[in-house]
Amino acid sequence: MSNAQDSLDGLVTLDAGGAMICLSAPSGQRARILYAGPNVLNASAAQFLKLSAREHAPGGPEQPIAASMLNTIGTGHPSPPGLIAHRDGHDWALDPRVAQLSQDKHSLTLTTRDAQCAVEMAHTIRLHPASGVAQCSTQITNQGDAPLTLYWCAALCLPIDPRLTQITSFAGKWAGEFQTQSHDLVRGSFLQENRSGRTGHANYPGLYLGTAETGENHGHACAVHLGWSGNFRLRVDQLADGNIILQAGELLLPGEIQLQPGATYTAPPLHLCWSNAGYGGVTRRLHRFVRDQLLRPGPAKPVHYNSWEAVYFDHSPEKLMALADHAAAVGAERFVLDDGWFGARRSDKAGLGDWFVSSEVYPGGLKPLADHIRSLGMQFGLWFEPEMVNPDSDLYRAHPDWVLCVPGVESIASRHQLPLDLTRADVCDHLFERITALVAELGIDYIKWDKNRDIQHPGGEDGRAVMHIQVTALYALIDRIRSACPDLVIESCSSGGARADYGILHRTDRVWTSDNNDARARHAIMRGAAHFLPLSVLGNHVGPQRCHITGRQFDMAFRAGTAVFGHMAMEMDLTQESEIDRAILSDAIALHKRHRALIHTGDYHRLETPVHIVAAGIVAADRQEALYQIAVCDQHPTTHPPRLKFAGLDLQQSYAVHCVWPSAHEKPLGSFAGSALMQYGLQLPLTYPDTCLIYHLKAAL
Ligand code: DGJ
């Protein structure tokens, strides 16, 4: 909404969904963000402009140097620049001035130009009214007549409220993704760089920021997320002048972006979100944004069975049909055949890239298995890893030039595989043909799209770095497949959760959160991932009794109760599970299905608990119903467990509380005031460690 007080030239206020962004962008002058944060009642860009006026500081420049959209070097601003570009050592001191500004109700487009350096920047900011999430992107156009080398282009240089000095970042590893780490921002720089050629296990392209007082349900919080599935850099700089500036963008390899005259580079979109209702407030806004803006609407998410940990590469139609029978019997609605069905893929050493059903393993093709699965009422899903090839494969033997590499540099295989060069049209055409042909032939409903290695040397045909185009080519390939097969559902997997960002999520339907099905470890992984992603997209699988990754053993009630919160699936040899355990699993799946709509669309609340307990709740939008999951992951340090304080309920409402999982603790507990449940809490029962309790709350009449 345009604010009446912003009648001065170039003052803009966007105000929607509880968020506000104010800019000063007078024609012919520098543009800057005056404010970005929660809505400030009756405020305007004009007021922020006056309030932010600064005096000359002794020893400093004689004219105040205001920040600009990208704090370009030519302005002399002390912040690390948000744009680093040059033309063969010239035209590096960019100082863009406002050329054009247009605005509608919830978005603006600002064009700035450095006429002398012949570089144009177009900034778009869109505030989504339902969630208050801002999506910002920047385009750089070379208007000169010689190539422009781009080394860094952040989506924005975002001024952060200087009170937001507490950072929560998300680090991890394979089978240990989305681990949260909290730290203070110090004077200087917080820097995260990802060079893995995918979103990555080690860092996640998102951060939360809070003040020293911010908690789950109170205080000022901010979240940022870069929607990009490749290399990235995230930095937060606390400057000597007291300002904090955040930047996020693609980490570009040397010479990777050389803009020819007239060419444009588009930086990945930065998503920003603020709340005065604490970290939980930010999470719920992001979930709303993901659901409304990124995901396709669709029916309820079917419970999966996935074959990986049951058979790995040891496929046989008989075994898989038996697994399908058991999966359907416990309530699976989709059967996903994982790695090992094609070419010479009897281990991870060979066959990758040969997307033809193995006649050695499936003499009658895959159709009989797919038909059997469908006859049991389940959908059929199939695993692919389209971007990769084993050197020991027919594809590589026929096209050794189809892989990314840098001449003279050793291409080190990872998991015995090399990355295909998606920047080549023939490679993408081949993948498109193979995948769509199999979808049509077998009636595939679902693809698990995997990517199992980092890309260290993304050299294209001429040896130049092509990581940027590799990512955009991947996006284009998926988009092409989705438009050819509009009903196809796609899961983004990358050795577990190494590709779970908003860029990929915009063109897929689910992410595989982690290969780690250890129910105890899973709670921290899911809690971390849910800072950015709603439970409806987070795959959560019941694994075997003895976890294949950690070697720990858990009973079925703990494993199955854990997977209820997420997009539920199972991944174990069901023929080896006891009848009793299969019955428990079936009960958990039935519980998930009963509450699936709530779990997948409700408001997510992290509960504050001692460290050995991980708990979260999902509350219906009208707060008439809620489901809470409480995982006791170690012995209580006290003789009795603590009282659990629920969150997200209506203080005025009474709720009938029912412990619905596990069966040993299943019972109605009576009706209690929402205020008492949230502010006093419910005494947890005595349980062994590694127990997952689930409570259902229904507003009492
Ligand atoms: C890695 C995935 O995360 C696993 O679930 C499985 O699909 C394997 N790849 C198959 O190679």
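This report walks through a predicted model, from its ligand to a small sheet and a few unusual loop residues.

**The ligand and its shell**

Start with the ligand. It is surrounded by 13 residues. The closest are Asp338, Asp339, Lys448, Asp450 and Asp515. Sorted by class, the shell holds six charged, four nonpolar and three polar residues.

Three polar contacts can be listed side by side. In each, the ligand contributes an oxygen atom, and the protein contributes an N or O atom.

| Residue | Part of the residue | Distance to a ligand oxygen |
|---|---|---|
| Asp515 | side chain | 2.4 Å |
| Arg415 | side chain | 2.8 Å |
| Gly496 | backbone | 2.9 Å |

How much of the ligand does the protein bury? Taken alone, the ligand exposes 290 Å², and the protein buries 98% of that.

**A three-stranded sheet**

Now move to the start of the numbering used here for strands. Strands S1, S2 and S3 form an open sheet, in the order S1-S2-S3. Their pairing is antiparallel. In general, strands of a sheet pair through backbone hydrogen bonds, and they can do so parallel or antiparallel.

Which strands stand at the edges? They are S1, residues 11–16, and S3, residues 32–38. Each has a single partner strand, so one side of each is left without a neighbour in the sheet. Neighbouring strands here are turned by 10° against each other on average, with direction ignored.

Look closer at one pair. S1 and S2 (residues 19–24) run antiparallel and are joined by six bridges. Within this pairing, Thr13 stands opposite Cys22 in S2.

**Two loop residues with positive phi**

Most residues other than glycine have a negative phi, and most peptide bonds are trans. Here are some exceptions to look up in the structure.

Asn42 is one of them. It is not a glycine, yet its phi is positive, at about 60°. Asn42 lies in the loop between S3 and helix H1, which covers residues 45–51. Is Asn42 buried or exposed? Its relative accessibility is 62%. The cut-off for exposed is over 50%, so Asn42 counts as exposed.

Ala175 also has a positive phi, of about 65°, and is not a glycine either. Its loop runs between strand S11 (166–173) and strand S12 (176–184). The relative accessibility of Ala175 is 7%. Buried means under 20%, so Ala175 counts as buried.

**A cis peptide bond**

The peptide bond from Trp661 to Pro662 is cis. Its omega is near -5°. Pro662 is placed in the loop between strand S35 (654–661) and strand S36 (667–673).

**Two more buried loop residues**

His201 sits in the loop between strand S13 (188–194) and strand S14 (203–210). With a relative accessible area of 13%, His201 is buried. What lies 2.8 Å from a polar atom of the His201 side chain? The backbone oxygen of Ser495 does.

Ser229 belongs to the loop between strand S15 (221–226) and strand S16 (232–238). At 2% relative accessibility, Ser229 counts as buried. Along the chain, Ser229 and Pro268 are 39 residues apart. In space, their C-alpha atoms are separated by 9.3 Å.

Key: Residues numbered from 1 in each chain as written. Predicted model: local features only at pLDDT ≥ 70, side-chain atom pairs only at ≥ 80, totals over all residues. Heavy atoms only, no water. Near = heavy atom within 4 Å. Polar contact = N/O pair within 3.5 Å; in protein donor to acceptor, adjacent residues only side chain to side chain. Areas by Shrake-Rupley, 256 points an atom, 1.4 Å probe, with all protein chains shown as cover. Nonpolar A, V, L, I, M, F, W, Y, C, P; charged D, E, K, R; others polar. Pairing = 2+ DSSP bridges. Helix = DSSP H or I, 4+ residues; strand = E, 2+ residues; numbered from the N terminus. Axes fitted to C-alpha atoms, helices over the stretch in contact; angles between N-to-C directions. Buried < 20%, exposed > 50% of the residue type's maximum accessible area, 1.4 Å probe, protein only.
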